[in-house]
Structure formats: C-alpha cells, structure tokens
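Open the model in your viewer and keep the sequence panel beside it. We will go from one selection to the next, and at each stop you can check what is there.

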Amino acid sequence: MFNDTFDKITWALLAFVIVALAALLAMNHGAGDGKAAGLGKAVEREMAYRARIELIGKLYGPVEDLRKAGKNQEALLKLDELIRSYPGEAHGYILQGEILREMGALDEAVASFEAGVKLNGDYVDARSPLSRRGAIQGLVDEGLRSIGGRAAANPGNRSLAASLAKVNYLKSRLAGGCE
C-alpha cells in the first residue's frame with residue numbers, strides 16, 4: 001500500500017483534505033443558523049443603544065440640573081464645553097435648543113434643534129426614549145408663526161430665509177421625511 005513515494009503523498013493529501021473538511025464542518029455547526037446570528041446582532045445593537053442612553057444621562061445630567069434650577073446661563077456654558085468635547089453627540093444641541101427657546105432666542109433654538117436632528121433622527125421618533133417630538137413640534141409651530149411672519153415681511157433678508165429653511169427642515173422630519 002505504501003510501496004512508493006507517490007502513494008505516500010496521495011494518502012497524506014487525502015488525510016489532510018479529510019481533516020480540513022471536518023474542521024470546516026465543525027466551525028459551521030458551531031456558528032448556528034442565520035436567524036440566531038441576526039438575533040445576536042439585534043441584542044447587541046439594543047445593548048449599545050441602552051448604554052448610549054445611560055452615557056447621555058451621565059454626561060448631560062448636570063446640565064439638566066442647572067436648567068431645572070433656573071441657571072440657564074451656567075447650563076449653556078456647560079453645554080458649550082460638552083459640545084466641544086463631544087461634537088458628534090446630538091443631545092447637546094437638543095438641550096441647547098430647549099434652553100435657548102426658554103430664553104426667547106427662537107432663531108438660535110431652531111438652529112440648535114436642526115443641528116441635533118441632523119446628527120441623530122431619534123429625537124423626532126415618537127418611539128425613541130430620546131424623543132423630543134413634542135418640543136420640536138411646538139418649536140416648528142412657533143417658528144412658522146414668528147419667523148415665517150418676519151420672513152414674509154422682509155423677503156430680502158437672507159438670515160430670516162435661512163432660519164425659515166431650518167424650521168421647514170424640522171417640519172419635514174416630523175412628517176417622516178429624511179435627509
């Protein structure tokens with residue numbers, strides 16, 4: 001059976017192929033079906049989302065406390081620091097917009113809300129724990145009355161036109177539109 005070198009090489013390669021196939025079958029069997037792998041990914045995404053919500057609560061909790069205490073200027077200063085530290089985080093812009101609206105700076109509030117919604121659309125999603133849909137709807141209604149009226153009275157004013165475009169962007173996102 002192992003008379004010459006050719007037979008020895010053939011049997012060695014055959015044994016190697018059998019071992020490789022057994023290893024591949026063992027790896028595929030351990031991976032499970034596609035549904036189980038997809039379920040694991042969904043759970044992983046949900047856990048990451050919940051961790052993000054907790055992180056937002058910890059980062060922006062002091063700002064919320066200052067806001068509730070009526071210290072809006074201090075809250076805005078703290079928010080500016082957080083926005084510089086975490087420029088891709090939308091929550092800072094949303095909080096900034098809420099505070100600016102309370103202070104009566106409607107144009108700046110609209111700009112902040114727009115920046116936040118562009119970074120993360122969860123704030124217009126009614127099912128999201130981060131949802132600020134009611135606040136955004138109130139801002140859009142107020143913006144259309146105030147900014148829309150001023151823009152109609154001053155059609156050549158580009159800053160009013162830009163603010164009105166931001167209000168319309170928020171309105172379209174509330175209606176289900178996307179970027």
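Start by selecting Arg150, which counts as partly exposed because its relative accessibility is 34%. The accessibility classes are buried for under 20% relative accessible area, exposed for over 50%, and partly exposed in between, using a 1.4 Å probe and protein chains only. This is a predicted model, in which local features need pLDDT of at least 70 and side-chain atom pairs count only at pLDDT 80 or more, while totals for chains, interfaces and linings use all residues. Residues are numbered from 1 along each chain as its sequence is written, and side-chain values use heavy atoms, with hydrogens and water left out.

**A partner for Arg150**

Now add Asp107 to the selection. The side chains of Asp107 and Arg150 meet in a salt bridge, at 2.8 Å from N to O. Asp107 lies in helix α5 (residues 106-119) and Arg150 in helix α6, so this pair ties together parts that are 43 residues apart in sequence. A salt bridge here is a side-chain nitrogen of Lys or Arg within 4 Å of a carboxyl oxygen of Asp or Glu. Helices (H or I, at least four residues) and strands (E, at least two) are DSSP runs, numbered from the N terminus. Asp107 is partly exposed, with a relative accessible area of 22%.

**Along helix α6**

Stay in α6 and select Glu142, then Arg101. These two form a salt bridge, and their closest N and O atoms are 3.1 Å apart. The pair links distant parts of the chain, with Arg101 in helix α4 and Glu142 in helix α6 (residues 133-153), 41 residues apart. Arg101 counts as partly exposed at 29% relative accessibility, and Glu142 counts as partly exposed at 28%.

Next, pick Leu139, which also has its place in helix α6. Is Leu139 buried or exposed? Leu139 is buried, with a relative accessible area of 0%. Use the distance tool from its C-alpha atom to that of Ala151: the two are 12 residues apart along the chain and separated by 16 Å.

**Helix α4**

Select residues 90-102 to bring up helix α4. How many of its 13 residues are buried? The count is 11, so you can think of α4 as mostly covered. The buried residues of α4 include Ala90, His91, Tyr93, Leu95 and Ile99.

Check the length of this helix too. At 1.5 Å a residue, the 13 residues should span 18 Å, and the end C-alpha atoms are 19 Å apart, which agrees. The expected span is 1.5 Å times one less than the number of residues.

Zoom in on Ile94, which lies in helix α4 and counts as buried at 0% relative accessibility. From Ile94 to Val117 is 23 residues in sequence and 7.8 Å in space, C-alpha to C-alpha.

Then look at both ends of the helix. Glu89 caps the N-terminal end of α4, with a side-chain oxygen 3.4 Å from the backbone nitrogen of His91. Just after α4, Gly104 takes a positive phi of about 95°.

**A salt-bridge network**

Select Glu98 and Arg67, which form a salt bridge with their closest N and O atoms 2.8 Å apart. Glu98 lies in helix α4 and Arg67 in helix α2 (residues 34-68), so the pair ties together parts that are 31 residues apart in sequence. Glu98 counts as buried at 9% relative accessibility, and Arg67 counts as buried at 19%.

Now widen the selection to Glu64, Arg67, Glu98, Glu102 and Arg132, which are linked in a network of salt bridges. Across the whole structure, a search finds 12 salt bridges.

**The surface near the start of the chain**

Move to helix α1 (residues 5-31) and select Leu24, which lies there. Leu24 counts as partly exposed at 46% relative accessibility. Add Phe16, Val17, Leu21 and Met27: with Leu24 they form a nonpolar patch on the surface, with about 540 Å² of accessible area together.

**Zooming out**

Finish with everything visible. The secondary structure comes to 7 helices and 0 strands. The C-alpha atoms fill a box of roughly 100 × 40 × 25 Å, taken along the principal axes. Buried residues make up 30% of the 179 residues in the protein.

Definitions and conventions. Patches are made of residues with over 30% relative accessible area and no salt bridge: like charges are joined within 9 Å, nonpolar side chains (Val, Leu, Ile, Met, Phe, Trp, Tyr) within 5 Å. Accessible areas come from the Shrake-Rupley method with a 1.4 Å probe; for residues, only the protein chains shown count as cover. A polar contact is a pair of N or O atoms within 3.5 Å; within protein, one must be able to donate a hydrogen and the other to accept it, and residues adjacent in sequence count only if both atoms are side-chain atoms.
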